[in-house]
Amino acid sequence: MDGTMRAESDPSGAGGQPDEWFASAKKIYPMAVHGTFRKIKWAVLFATLGIYYFLPFVRWDRGPDAPDQAVLIDLAGRRAYFFFIEIWPQEVYYLTGLLILAAMALFLMNAVAGRIWCGYLCPQTVWTDLFLWVERQIEGDRRERMLLDAEPWSVAKVLQKLSKHTLWLMIAWWTGGAWVLYFADAPTLVKSLATGEAPFSAYLWIGILTFTTYALAGHMREQVCIFLCPWPRIQAALTDEDALNVTYRYDRGEPRGSLKQNRKRVDEGLPAGDCIDCYQCVHACPTGVDIRNGTQLGCIQCGLCIDACDTVMDKVGKPHGLIAYDTDENIKRRMEGRETVVRMVRPRTIIYAGIIVLVGAIMAYALVTRQHEGMSVLHDRNPIYVELSDGGVRNGYTIRMLNKRLTAREFALTVEGMPEGTRIEAVGISEHVDGAPLVTVGVDTTRELRVLVFSPAAAQLDKSTPITFRLRDTASGDTATASDFFKAP
Amino acid sequence: MADGYKKEVDHISGVETTGHEWDGLKELNNPLPKWWLYIFYATIVWAIGYWVVYPSWPLVSSYTAGVLGDSQRANALAAFEAGMAERAQIGETLVNASLEEIESTQSLLEFAMANGRAAFGDNCAACHGTGALGATGYPNLQDDNWIWGGSLEEIHQTLQYGIRSGHDEARFGEMPSFGADGMLDKEQIIQVANFVGSRAGIEPEAGIDLAAGEQVYAENCAACHGDDLKGMKEVGAPDLTANSYLYGKSIDAIRAQVTNARNGVMPAWAPRLDPATVKSLAVYVHALGGGE
């Protein structure tokens, strides 16, 4: 914008450009806290990272013809394994179900107790927490870190910074390493990674995840939550006055003031709140927000300000819970002198829980009744039928048979809905039982065959006869069916 | 910064304005983080690196190829070559296997069917049709009426050397032109055509002496087509009781063929296609359904 145009748009002459279109991120030095929510966060961190780093090494015996890794995504073989579950690419709708469940669980968490995901479970939060712990071990707590950063460079400072970043990079590298183990046999891959024989893509992905972990958890931290993540924006639509959010109880805290100021106010007969304006909640906050301004975009609701405030309340001899999980509704009620109320069962939570139960039940049903054999049929298009010299008619089909079991199986292929004397042949299959071709389908794979159906010579056939192909496991008796038509002149 | 700039703060949000105003609406300045800007710069640098490394700028008659020399066309060609090499390998297995082995071995059958389908479309469909139903003069390969035999070996033989193709090994048999060459007169031809038609399920024309026709048949045709009219595959004499005729199934068509015989040609494919493809074609045609 030049001056002339500005003058037109702002004739008052007060216009102009501010100094900064872009602002440097203010570095945040979160203070260490101790208390209930810190303990919960440690427990969640151990559990989630423990699962992430070690799950690929868990074994699960599936027999000699299948991988024995409990959780494995075999991209080359196009199979996904999860303990007793194995899915094929066309069964990716299970993933759809999982995503619906995940979304609904997120919504439900939010309706019950705010951003539990953000505060406790999100990888960004968990890894940032871990990286902060490392930082604290090396550079000390908030005050020491601030002083260190303000200090001029010295050998000691360089050593501290160097060891911090080295440790961070090692954790990040292990994070990337664990990721690739979900896509190949973990012990084998670890060995080949160590000897430098692993595929290039493994090293590439380890590199990518090392970089993202190091950058996001070490350097970006709260910037990710505030500027990159959509969840804080969605969250506003999912919380309500009955949801338990990390809340500064301003009905109790205000008017805030230092201990001295507040004592003076009491002496003067003026009201004084419990908040001593010590800023411990702000200093403890990993995103650097002031919870006393209310629920806000930057607040990931990790509860660390609750621990920080409770510690201070102990020191000044006031009860815990100036900052606590509470609802907007209750603050209003307390201010009006009414009973507080906790309404966890309300339409919002019932609907979310209902959808979770419903989708979960559908998925469980689909999984339990999952067929381990299948068949798809494609009728010849040209010609749709062939007249034979004996007066009979022949139709050709391409049939693909699926065997999802981890052993090779023998199937008998029959056709139903045709008159007596109908013959069925599969090209390349010479073995028959009662006229049904016996097809062997290998371990966990499919087999495509050309199948011919011959009507008896004297049969009176409609132009189109609905028929059913049946594939029956000769050992277990399990069957799969597929419908098609038999065409005639 | 601009002269005369006075910082203006929006009194509701407490946020500085950008100084832009539209009918009283002022834009707030919530500055983006600097790293956001740096990432934008980094993407620009990345793009420039990309120009250097990969093909990017169009020139008048070519383009900047990039230092890596990467080319999608070359990649596609390489993938094609690799596929062909793999195909050649399976093809070799196919050549060494017997036709029966190919049909009863899953991996070989799958390859032969795919290979055969493609080769059929490229080489055979022009005459026999994409569905292999044939046409007048071109045999139907779907039905069970085979002039030279429909077993795997017989189909393979026909495919390799053809029929009346001029190849040394070609199948050879010729229908004489009884009318044109004066072996039968017009009356006899009408009689024999009606006799053959009557045995193949065609209503004979009125007032024809079928017994005379049978006599003509026995003396002239039965040597190849047999006393029972069932033909003889050794010489390629078609079954005259079949429900389809190569050159049309009507009294007129039979008359035309007896008078002035057409003897179509099937090319020999052994000199044109590699042995694996010819074998694949034999398996494919046999598997269409009419194979014996």
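**Figure 1. Chain B as a whole.** Of the 292 residues in chain B of this predicted model, 29% count as buried. Chain B is built from 10 helices and 3 strands. Walk along the sequence and you get the pattern β-β-β-α-α-α-α-α-α-α-α-α-α. The radius of gyration comes out at 38 Å, well over the 19 Å from the globule rule for 292 residues, so chain B is more spread out than a compact globule. Boxed along the principal axes, the C-alpha atoms of chain B take up roughly 125 × 50 × 40 Å. If you look at contacts in chain B between residues at least 6 apart in sequence, 55% of them join residues at least 24 apart.

**Figure 2. Where helix 4 meets helix 10 in chain B.** Here helix 4 (residues 106–128) of chain B and helix 10 (residues 275–287) of chain B have axes that come within 7 Å and cross at roughly 95°. That puts helix 4 of chain B roughly perpendicular to helix 10 of chain B. On the helix 4 side, the contact uses Ala112(B), Met113(B), Asn115(B), Gly116(B), Arg117(B), Ala119(B) and Phe120(B). Helix 10 of chain B brings Thr277(B), Lys279(B), Ser280(B), Leu281(B), Val283(B), Tyr284(B) and Ala287(B). Sort the residues of this contact between helix 4 and helix 10 of chain B by class and you have 8 nonpolar, 4 polar and 2 charged.

**Figure 3. A loop residue in chain B, Ile208(B).** Ile208(B) sits in the loop between helix 6 (186–199) and helix 7 (210–220) of chain B. Is Ile208(B) buried or exposed? Neither, quite: Ile208(B) is partly exposed, because it has 19 other C-beta atoms within 10 Å, and a buried residue needs 20 or more. Setting aside neighbours within four places in sequence, Ile208(B) is in contact with Ile190(B), Gln191(B), Asn194(B) and Gly213(B). As for Gly131(B), 77 residues away along the chain, its C-alpha atom is separated from that of Ile208(B) by 39 Å.

**Figure 4. Helix 5 crossing helix 9 in chain A.** Over in chain A, the axes of helix 5 (residues 123–139) and helix 9 (residues 200–220) come within 8 Å and cross at roughly 75°. So helix 5 of chain A is roughly perpendicular to helix 9 of chain A. Which residues meet here? Helix 5 of chain A offers Gln124(A), Trp127(A), Thr128(A) and Phe131(A), and these meet Thr213(A), Leu216(A), Ala217(A) and Gly218(A) of helix 9 of chain A. The contact of helix 5 with helix 9 in chain A has 4 nonpolar, 4 polar and no charged residues.

**Figure 5. Strand 5 of chain A, covered on both faces.** In a regular strand, side chains alternate between the two faces of the sheet. For strand 5 (residues 245–248) of chain A, Asn245(A) and Thr247(A) are on one side, Val246(A) and Tyr248(A) are on the other, and all are buried. Strand 5 of chain A pairs with strand 6 (residues 323–326) of chain A through 4 bridges, in the antiparallel sense. Opposite Tyr248(A), in strand 6 of chain A, stands Ile323(A).

**Figure 6. An open sheet in chain A.** This open sheet of chain A has 5 strands, ordered 12-13-10-15-16, with antiparallel pairing. Strand 12 (432–433) and strand 16 (479–487) of chain A are the edge strands, each pairing on one side only. Strand 10 (residues 409–416) and strand 15 (residues 464–473) of chain A run antiparallel, joined by 6 bridges. Phe411(A) has Asp473(A), in strand 15 of chain A, as its bridge partner.

Notes:
Residues are numbered from 1 along each chain as its sequence is written. Chains are lettered from A and ligands numbered from 1 in the order in which they are written. This is a predicted model: local features need pLDDT of at least 70, side-chain atom pairs count only at pLDDT 80 or more; totals for chains, interfaces and linings use all residues. Two strands pair if DSSP finds at least two bridges between them. Helices (H or I, at least four residues) and strands (E, at least two) are DSSP runs, numbered from the N terminus. Axes are lines fitted to C-alpha atoms, for helices over the stretch in contact, and angles run from 0 to 180 degrees between N-to-C directions. Angles under 35 degrees count as roughly parallel, over 145 as roughly antiparallel, 65 to 115 as roughly perpendicular and the rest as oblique. Two residues are in contact if their C-beta atoms, placed from the backbone, lie within 7 Å. Ala, Val, Leu, Ile, Met, Phe, Trp, Tyr, Cys and Pro count as nonpolar, Asp, Glu, Lys and Arg as charged, and the others, Gly among them, as polar. The radius of gyration is taken over C-alpha atoms; the globule rule is 2.2 Å times the number of residues to the power 0.38. A residue is buried if 20 or more other C-beta atoms lie within 10 Å of its own, exposed if 12 or fewer, and partly exposed in between; C-beta atoms are placed from the backbone.
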